[in-house]
Structures are given as C-alpha cells and as structure tokens.
Protein chains: 2
Amino acid sequence: MSVQERKQRERADRERLIVATARELAEQQGWDAVTTRRLAERIEYSQPVLYSHFRGKREIIGAVALEGAAEMAVALRAASSAADGPRARVTALARAYLDFAERNPAVYDAMFQLDGGLAFAREDTPEPLKDAFAALLESLGEVAGDGVHPALFTEVFWAALHGLATLTRAGRLPPPDTGRRVELLVDRLAVL
Amino acid sequence: MSVQERKQRERADRERLIVATARELAEQQGWDAVTTRRLAERIEYSQPVLYSHFRGKREIIGAVALEGAAEMAVALRAASSAADGPRARVTALARAYLDFAERNPAVYDAMFQLDGGLAFAREDTPEPLKDAFAALLESLGEVAGDGVHPALFTEVFWAALHGLATLTRAGRLPPPDTGRRVELLVDRLAVL
DNA sequence: TCGATTGTCTAGCAGTGCTAGGATCGGATC
DNA sequence: GATCCGATCCTAGCACTGCTAGACAATCGA
C-alpha cells in the first residue's frame, strides 16, 4: 500500500510542479511562451507527461486560474478586514483587486482573459471561483444601497474593477491616474 | 496614369476585401479560425498576397479593430443624439455600447481583447480610436459632476462598460440581468 | 520586340498542440 | 532468483500555425 501512496504523492507533486512552472513561465515571458515543449523541458519530462495530468494546455491554464482565484480571495479578505468602516473597506478591496491584477498579470489573464475551460456563474463553477466572488460580496454587499440586490451590485462593481484592470494593463488607460479612478468609482458606486 | 490609378484602386479594393473577409470569418467561426491559409483561400489569392498588404496577422486584426471603432463611434452618436436629456442620453449610450459588443463580438475582441498592435491613450493613437473615445466623452462629459475631470469620468464609465461587456460575453455574468446592471451603473455613476 | 519591373505562386521553414506506438522499468508471482 | 505483466515514460510523428525565399509569369516602357 505504501508504495502506491508514495506514487500518488509523487504524481501530485509533479502536477503541482507543472502548474507552478506554467505560472512562472507565463509571468516571466507571457502565456505565448508557455508551449508544451518548453513547459515539458522545464519540468524535465517529455511532453506526453503533461497529457497524463491534464487534457491539454487549456486545462493547465485553468489550473493556474483556480490557484490564482484562491490567492485573490485571500488577498481581498485580508485587505478589507484590515480596514475600518464600509468606505475604507471598499476602497481597500478595490485597491487590493487592482493590485493583484497588476502584480500577477499572467494569473489574471488565466482567470479572466484566456480560455481555461472553466464554468462561471453556474452550479458547476469550481469552488475557488465562487469563493473569490464571495470575498467581493462580503464587503460590497453592505454598500449596495436600499433596494439593490447585493449580488447584482457586486457584479457591477466587479465589472468596473475588471474593466479598469484590463484596460490599464493593455495600455488603454494611462496608469498614473489609477488612484483617482478608484476613488471616483468608490465614491459614486458605493452607498456609504 | 490611368492605368496606375486603376491598379491602385484594385489594390485598395483587395485590401478592403481582406479586412472584410477576416471580419466575416471571425464573426462566423471565431478568431481562432482566421488563419492566413483560410483567409487567403477565401479571397482567392495565395498567402503571400496578405503580406503585401499587411505586415502580418496582427495588422489585419488591427485593421478590423479600426473599422469597428469607426462603426462604434457612429452607433454611439446615433444612440445618444436620439435621446432627450442627460439621463436618457447616458442610458442610451451605455445600451448602444453593450449592444455593439454583443452584436459584433469578433470586432469587439479585435478592438480590446486581441493584440492588433494598436497604440492607445497616446499621441500616435489612430484617429478612429480617439474618435470612439470622443463619442463617449461627448455624452458622458456632461454628467461627470462638479470637480471631476470629464476625461477621467469617461475612462471610469468606459471601463465599467467594458467590464460588463467582456464578463457577460465570457459567461462570467448571467445575461438576463444586463438591463438592471446598466440602470444601476447609470444611476450611480452619472451625476444627473 | 525586347528587357525590366511588377505581381503572384509554389514550396518550405520553424514552431505549435497533441498522440500513437515502442521501450523500459518496477513490482508481483511462481 | 527468474519470469512475467502492467504501469510509466519517451521517441517520433501528425496536421496545423504564421511567415518567407525564390521561381515564375504577366505587364509595362523603350
């Protein structure tokens, strides 16, 4: 039995290695550089090994996305719980979100820009994604205002953050004013 | 002279044909299906002909994006000019934006999601892109509120719309509530 | 009519995601 | 301890991608 367990453990280790390496490579050189050949070379196995863990490249991206979602949830909760009062909480949340997107562009891409084959806003949505949304909801629900469904409000606020994150990173919005954009967003959207 | 002119005209025609075909193919089967081979086959020329018009696939995407930006500017101005009063104007504008993104997903991708090699928010930004932003600014500037720079407000509003458009289309947000999201966005962000 | 230029195509390169089939190694059985 | 079998891994290859060199043909000016 212990032999089988060891093998399972090693397999799980290798799977984590694949995901971590894909993420690292993507952050270093962009997702375009994450080819199955390069990835296989970095983990010091041949290409087909990747396909014994994942159905294909898409699933590897999906795995990075899930990892990222879990981290983002942690970051969002840490930021909002460290702030006092609704306004400070929402501001901290928004900053933390944009900060995460800026610091982990490849992971953010895996989550929202690329096709990781993940389901969203459905029952079979993976837990980490639901939880990341829940982390947003926890702080945003309290500033939705009367008569506005917290989930709907969270969706709109999230969309705004997502728009700011992607447009800024794509060079569509000049970066220096990010702080003022966040302030404006919080001031107007949130009912304090 | 007239011979040269005819040739130039034919060349320009063919260039338009390339862009239109790329766009059509992308709307029909997605950008992944737009390969240089398929595109060449559809226009009934060989691959290298594409490269006598464009530096590469990226530039073709860029051309589709510019065409789309021009159309979007027209659509936005039409929608907002048909509405009376600031509130109705902004609502119409937002709806028109999301409508354009929904009806022309491939074009929208070319503009904001894919790399078309276009410069944004800079001096050498192509005119159609500047103009599309200007179309937003025209209607949004008047509801920015006191002390808020119209361009900054437009950026934030645009980002929110962009977020809604992309997240909805990627299946991240359930579509039925789009109308309510737009209402919420206009009610809160715009100073009426 | 001839040479030069322009235009287009065939063929090919290096790279992609993915997979079939063979080799090899470990553990279980006699 | 020898043998077998199954799991594990790799080599080699497929069909495809974007892109380009070089051959070829059509067209133009002299």
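In chain B of this predicted model, B:Ile61, B:Val64, B:Ala65, B:Gly68 and B:Ala69 of helix H4(B) meet B:Val107, B:Ala110 and B:Met111 of helix H6(B). Sorted by class, the residues of this contact are 7 nonpolar and 1 polar, with no charged residue among them. Two packed helices are described by the angle between their axes and the distance between the axes. Here the axes of H4(B) and of H6(B), which covers residues 105-113, come within 8 Å of each other and cross at roughly 110°. Because angles from 65 to 115 degrees count as roughly perpendicular, H4(B) is described as roughly perpendicular to H6(B).

Helix H4 of chain B also holds B:Ala78. Is B:Ala78 buried or exposed? With 12 C-beta neighbours inside 10 Å, B:Ala78 counts as exposed, because a residue with 12 or fewer such neighbours is placed in that class. B:Ala78 can also be compared with a residue further along the chain: B:Ala92 is 14 residues away in sequence, and the C-alpha atoms of the two are 9.4 Å apart in space.

**The fold of chain A**

Chain A has 9 helices and 0 strands, so that its pattern, read along the sequence, is α-α-α-α-α-α-α-α-α. The C-alpha trace of chain A spans about 60 × 40 × 30 Å along its principal axes, and buried residues make up 41% of its 192 residues. Among the contacts in chain A with a separation of 6 or more, 63% join residues that are 24 or more positions apart.

**How the two chains meet**

How many residues of chain B are in contact with chain A? There are 24 of them, and they touch 24 residues of chain A. Helix H8 (150-169) and helix H9 (178-189) of chain B each supply at least two residues of the side that touches chain A, and the largest share of that side, 10 residues, comes from H8(B). By class, this side of chain B has 15 nonpolar, 3 polar and 6 charged residues.

Two copies of a chain are related by a rotation about an axis and a shift along it. In this model, a turn of 180° with a shift of 0.0 Å along the axis lays chain B on chain A with an RMSD of 0.1 Å, and that is the relation of a two-fold axis. The interface can be described in a similar way, since 100% of the interface residues of chain B are also interface residues in chain A, which means that the copies meet through the same surface.

**The surfaces near the DNA**

Both chains contribute residues to the surroundings of each DNA strand, and the table sets out the closest residues for the two strands.

| DNA strand | Residues around it | Closest residues |
|---|---|---|
| DNA strand C | 18 residues | A:Thr35, A:Thr36, A:Gly56, A:Lys57 and B:Ser46 |
| DNA strand D | 18 residues | A:Ser46, B:Thr35, B:Thr36, B:Gly56 and B:Lys57 |

Near DNA strand C, the elements that give two or more residues to the surface are helix H2 (36-43), H3 and helix H4 (57-81) of chain A, together with H3 of chain B. Which helix gives the largest share of the surface near DNA strand C? That share, 4 residues, comes from H3(B). The surface near DNA strand C has 6 nonpolar, 7 polar and 5 charged residues.

Near DNA strand D, the elements that give two or more residues are helix H3 (47-53) of chain A, together with helix H2 (36-42), helix H3 (47-53) and helix H4 (57-81) of chain B. The largest share of the surface near DNA strand D, 4 residues, comes from H3(A). By class, the surface near DNA strand D has 6 nonpolar, 7 polar and 5 charged residues.

**Backbone angles in a loop**

Most residues other than glycine have a negative phi, and most peptide bonds are trans. In chain A, however, A:Glu44 has a positive phi near 65°, although the residue is not glycine. A:Glu44 is placed in the loop between H2 and H3 of chain A, and with 9 C-beta neighbours inside 10 Å it counts as exposed.

In chain B, the phi of B:Glu44 is also positive, at about 60°, and here too the residue is not a glycine. B:Glu44 is found in the loop between H2 and H3 of chain B, and B:Glu44 counts as exposed because it has 9 C-beta neighbours inside 10 Å.

Definitions and conventions
Residues are numbered from 1 along each chain as its sequence is written. Chains are lettered from A and ligands numbered from 1 in the order in which they are written. This is a predicted model: local features need pLDDT of at least 70, side-chain atom pairs count only at pLDDT 80 or more; totals for chains, interfaces and linings use all residues. A residue is near a molecule or strand if its C-beta atom, placed from the backbone, lies within 6 Å of it. Ala, Val, Leu, Ile, Met, Phe, Trp, Tyr, Cys and Pro count as nonpolar, Asp, Glu, Lys and Arg as charged, and the others, Gly among them, as polar. Axes are lines fitted to C-alpha atoms, for helices over the stretch in contact, and angles run from 0 to 180 degrees between N-to-C directions. Angles under 35 degrees count as roughly parallel, over 145 as roughly antiparallel, 65 to 115 as roughly perpendicular and the rest as oblique. Two residues are in contact if their C-beta atoms, placed from the backbone, lie within 7 Å. Copies are superposed by least squares on the C-alpha atoms of residues with pLDDT of at least 70 in both. A residue is buried if 20 or more other C-beta atoms lie within 10 Å of its own, exposed if 12 or fewer, and partly exposed in between; C-beta atoms are placed from the backbone.
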